[in-house]
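Visitor: Could you walk me through how some helices and strands fit together here?
Guide: Happy to, let's take a look.

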Amino acid sequence: MKKRILFLFFAVSLIILVLCISYFVFYNKAESTKKVELNLIATLGTSDISIGSNRLILGIQNPQRKTIIADKISIDFFQQKNNSSIFQFTKEGNFINWPNSKSGVFASSVNFDTPGDWLAEIRPQDGKYKNQKARIVIRVKSTSLTPSIGDKIPKTNNLVAKNNEDLKYITSDINPLLNLYNKSVDDILLLKDKPLLILFATPGQCKSFTCGPQMNIIKTLHENYNKDMYFIHIEVYDIESANKEGEFTKISPVIKPWNLPSEPWVFLINTKGIIIDKFESFVPQDELELSINRILSNNL
């Protein structure tokens, strides 16, 4: 009798234990699924990503494909190892208002140490979609398409304007500033007296509609910093052929060594011709000023 009672007690205990384990397993699985539920859609606005420092541009939309707005996002980065996604680090991203628009994108500075596919899990830190998630796979190359930070810039003998009349053969900007075209990059590097900012853009016909606003920011920065830095604008397309054909089709031979996959691009270069910072896509004035002040204050 005692044995039967003990066996019954053991059987009931075992059933309770199995039920408890099943509850927690399925409960945790449900919670896990809830945590990785993807309510948002992420798109990558950066085309050249490689080992080292990168400026990631991310667009985030809701399920109705409308751009969301938040002050900041949090990005968890995972790397694929042994068929598992292993967490590596977290970065923040800041909202950038897109020119002439109420919407925008998010920018984050990220340093990748290995090539391959990285998984980015993105969460707004505030706003209507706080803590909802999006995921995107980022392909990191071993080497950059464009000249890397720390590299010496390629030879760049850009066209030079002697007067305002020359500008129509050099730039598509409808309101050009002569001081952005009166020196060549190669000549500036020979002087070795001040850092240099180069903008590669086609303000007269830009697919991203940001070249004109970016040009205006560079003009403002020139006004504020021209005593301490040189500023140069170089067209992506050959203006002479564009004037003849009525459209921009031929890439300028001046920029071919830079191997730019998109526009606009901004490069900051020290007096030794070394790239200190680079930016793909639209860059707000305050972000560029941070980089400029870092170069000037540290004599980089």
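Visitor: At what angle do helix α3 and helix α5 pack?
Guide: Keep in mind that this is a predicted model. Helix α3 covers residues 211-225 and helix α5 covers residues 285-298, and their axes lie 11 Å apart. α3 passes α5 in a right-handed crossing. The packing angle is about 35°.

Visitor: How many residues of the contact of α3 with α5 are charged?
Guide: On the α3 side, the contact includes Q214, I217, I218 and L221. Among the residues they and their neighbours meet in α5 are L288, E289, I292 and L296. The contact divides into seven nonpolar residues, five polar, and, for charged, one.

Visitor: Which strands help cover the buried residues of α3?
Guide: Buried residues of α3 include C211, M215, I218 and L221. α5 is part of their cover. The strands included in that cover are β8, β9 and β10.

Visitor: Which strands stand at the edges of the sheet, and why is one side of each left without a neighbour?
Guide: The open sheet has four strands in the order β9-β8-β10-β11, with mixed pairing. An edge strand has a single partner, so one of its sides has no neighbour in the sheet. The strands in that position are β9 and β11.

Visitor: What is the bridge partner of L268 in β11?
Guide: β10 and β11 pair in the antiparallel sense, over five bridges. For L268, the bridge partner in β11 is D277.

Visitor: What angle does the direction of α5 make with that of β11?
Guide: α5 packs on the sheet and touches β8, β9, β10 and β11. Its direction and that of β11 make an angle of about 175°.

Key
Residues are numbered from 1 along each chain as its sequence is written. This is a predicted model: local features need pLDDT of at least 70, side-chain atom pairs count only at pLDDT 80 or more; totals for chains, interfaces and linings use all residues. Side-chain values use heavy atoms; hydrogens and water are left out. Axes are lines fitted to C-alpha atoms, for helices over the stretch in contact, and angles run from 0 to 180 degrees between N-to-C directions. Helices (H or I, at least four residues) and strands (E, at least two) are DSSP runs, numbered from the N terminus. A crossing is left-handed if the near helix is turned anticlockwise from the far one by less than a right angle, and right-handed if clockwise. Contact means heavy atoms within 4.5 Å. Ala, Val, Leu, Ile, Met, Phe, Trp, Tyr, Cys and Pro count as nonpolar, Asp, Glu, Lys and Arg as charged, and the others, Gly among them, as polar. Buried means under 20% relative accessible area, exposed over 50%, partly exposed in between (1.4 Å probe, protein chains only). Two strands pair if DSSP finds at least two bridges between them.
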